[in-house]
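Here are a few short exercises to work through with the model open on your screen. Try each task yourself before reading the solution under it.

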Amino acid sequence: MSLQADVSRPVRPLPELLAALRDRGLRQGVDPGPMPLRPALPTGHPALDAALGTGGWPRGALALIDAPAGGGATTLALGSLAAAQAAGGVVAYLDPARSLDPATAARLGVDLTWLLVVRPADAAEAVEMAAWLARDGRIDALVLDLAGLPPHSRGLDRLAGLLVRSGSLALLLAGDPARAGADVRITLRRRAWLTVGSDLVGQRVEASVERNRWALAGGRAELDLFFAEGRRVDAQLRAAAQPEPVAVERAERPMLRVVGA
Amino acid sequence: MTRLLALVWPDLRAPDADRSAFEPMLDRLDDLSPRVEAVDVGVALVDITGLGALLGEERRVAARAVALTRGVASLTVRCGVGENRWLAALAARLAHHERPDAPAALRVLERGELAALPVDLLPADAATRQRFALFGLTAMGQLAALPRSAVGAQFGPVGERLQDLARGHDPRPLVPRQRPERLGRRIAFDPPLDGVGATALALRRACAELCDRLRTRHLAPGRARLSLYLEDRAPLRVELAFPAPALEPDWIARLLIGRLEAAARNRRMEEEPRVTSIGLAFDRLSDPASRQLPAFEAQAGRWEELRWSLERLSARFGEGRLWRAVHDRPAASLADRRWRLMDIGP
């Protein structure tokens, strides 16, 4: 029996191999559903919950949402806060850049009555305040919005340790993924714009799970992130969505339309 | 026969008066009688029935009440004694008119003395007073002597009530206030300690001791008051109202020390003060398990717990850090609401 490699067979690209391995794992009975040992908070998007492999954001995780400016990271984070609130949680938004608009948060489904807005002086203080909040475990989910701020990695490791112990979830919005030792890392890439008539109402993004400490990474999900129409309108738009682009002229009333990004 | 003592402090009834002394004054009056009513800010009613056997004549009882309240603040006071609240209050008013410049004045008013007093002293509105004048009624005795049916026909129920007062009848009972429960601890230092910070250990020990005593009774304090008695200066006093009843001695002590140091800084003492004793008191005691709101809304309970964390966060990071969104027009539709952020820090 020859040990020489069979060079006649074509080499399969790595992503394809990984997908095949995942598929094979599924066929062999590896449970891709929520892991029982790590309870999760919903992301607000069932497709992303499934792609994460844990049924949502794992509790106790420091999750980095990596997206370019305007790429939907804040929208996804606020939607996740709304979903956490819907499950009875209390949430916080740490906003050192003073960029949070309460009206936008409300339209994305966040109940402002139970939202704590923290305005630290700088990124370092934001991380420290997040650690204080995480240590008590009385906040179910918090968003640490460091987008556009100078890199600051000191304290994030300590924050991650505190989160694991308390079970709170921290969603980190930061441009440079290298500086965060996140337990979960999601990358968002815009795939299409969503319009109704001539109005731009959102974007279709592909969310890739780059890292997940508690489940197999590599999952992907396609998310429709609507700018500020709220969860109820979101549902209506979803009902109106068509699989293929639909010309507005041919419809009796404006329908959701997907335009290539 | 019921005897009531009305005490009126005119200085406390001024619109811009510092009214913080009123509550401690009522606490002192609790030592005189178990039935004390706070009628209004600066007006108290004390049931002194039967105190004559203990303290002597009514003048001495009133003097005792004044002496007790003077221990809190030395304010001008008017006292009136009568057999019901109308007579007692009117007596205090007459005492003010008779001796306007005296630091303390007392008047005892009996029912029979009312007849000679003018009707203007009755709590009537301007229109009723004008009608009294039209009918030639100038003294309370004239109004009291009229048949009740005639007064009712002319002046209605209001007139009948005024006639009752003119005859010296007032059915309104005294409603004694609920005596607030307090728990206190005082620790003296011999020799005195140098500096405010040196008291931290003793303060923590006092907090722990009081919290342990309350825990056994399933109670928690809603407010802490700390007095720091200094060797050669006026005492420093700070107060800390808790966001929710709490039994956390370490944090109570830390927050009190923080406020104390701020108070010392504001006083701008050049040298470290020498502390002779500290006095710690917990009040607003309540059962923390009796809070009902969390039963109706899940987040409410979580937020109550969170408020303590926020208090600590404010103490650590300073003001202007913690905000909460409120909307100006709650009844408006979602699109028309205007949100603004409100500072919820200390």
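**Exercise 1.** In this predicted model, find which residues of helix α8 of chain B are buried, and work out how they are placed around the helix axis.

*Solution.* Start by counting neighbours: a residue is called buried if 20 or more other C-beta atoms lie within 10 Å of its own. In α8(B), that picks out B:L203, B:A206, B:C207, B:L210 and B:C211. Next, look down the axis. These buried residues sit on the same side of α8(B), because they cover an arc of only 130° around the axis. The spacing along the chain fits a general rule: an α-helix has 3.6 residues a turn, so residues three or four places apart point the same way. Now turn to the other side of α8(B), where B:L201, B:D212, B:R215 and B:T216 are exposed. Finally, ask what lies over the buried residues: the cover includes β6 (183-194), α9 (249-267) and β9 (274-283) of chain B.

**Exercise 2.** Compare the span of α8(B) with the expected value, then inspect the backbone just after the helix.

*Solution.* Helix α8 of chain B runs over residues 200-216, which is 17 residues. At 1.5 Å a residue, 24 Å is expected. From first C-alpha to last, the helix reaches 25 Å, close to that expectation. Step just past the end of α8(B) and you meet B:H218, with a positive phi of about 55°.

**Exercise 3.** Lay out the order of the strands in the five-stranded open sheet of chain B, and find its edges.

*Solution.* Going across the sheet, the order is β2-β3-β1-β4-β5 (chain B), with mixed pairing. The edges are β2 (36-40) and β5 (104-108) of chain B, each of which pairs on one side only. On average, neighbouring strands of this sheet are turned by 20° against each other, direction ignored. For one pair in detail, take β1 (residues 4-8) and β3 (residues 43-47) of chain B: they run antiparallel and are joined by 5 bridges. Within that pair, B:L5 has B:V46 of β3(B) as its bridge partner.

**Exercise 4.** Name the strands touched by helices α3 and α4 of chain B, and give each helix's angle to β4(B).

*Solution.* Take α3 (residues 58-70) of chain B to begin with: this helix packs on the sheet and touches β1, β3, β4 (77-82) and β5 of chain B. Its direction makes about 145° with that of β4(B). Helix α4 (residues 85-98) of chain B also packs on the sheet, touching β1, β3, β4 and β5 of chain B. For α4(B), the angle with the direction of β4(B) is about 140°.

How values were computed:
Residues are numbered from 1 along each chain as its sequence is written. Chains are lettered from A and ligands numbered from 1 in the order in which they are written. This is a predicted model: local features need pLDDT of at least 70, side-chain atom pairs count only at pLDDT 80 or more; totals for chains, interfaces and linings use all residues. Two strands pair if DSSP finds at least two bridges between them. Helices (H or I, at least four residues) and strands (E, at least two) are DSSP runs, numbered from the N terminus. Axes are lines fitted to C-alpha atoms, for helices over the stretch in contact, and angles run from 0 to 180 degrees between N-to-C directions. Two residues are in contact if their C-beta atoms, placed from the backbone, lie within 7 Å. The expected span of a helix is 1.5 Å times one less than its number of residues. A residue is buried if 20 or more other C-beta atoms lie within 10 Å of its own, exposed if 12 or fewer, and partly exposed in between; C-beta atoms are placed from the backbone. The arc is that of the directions from the helix axis to the C-beta atoms.
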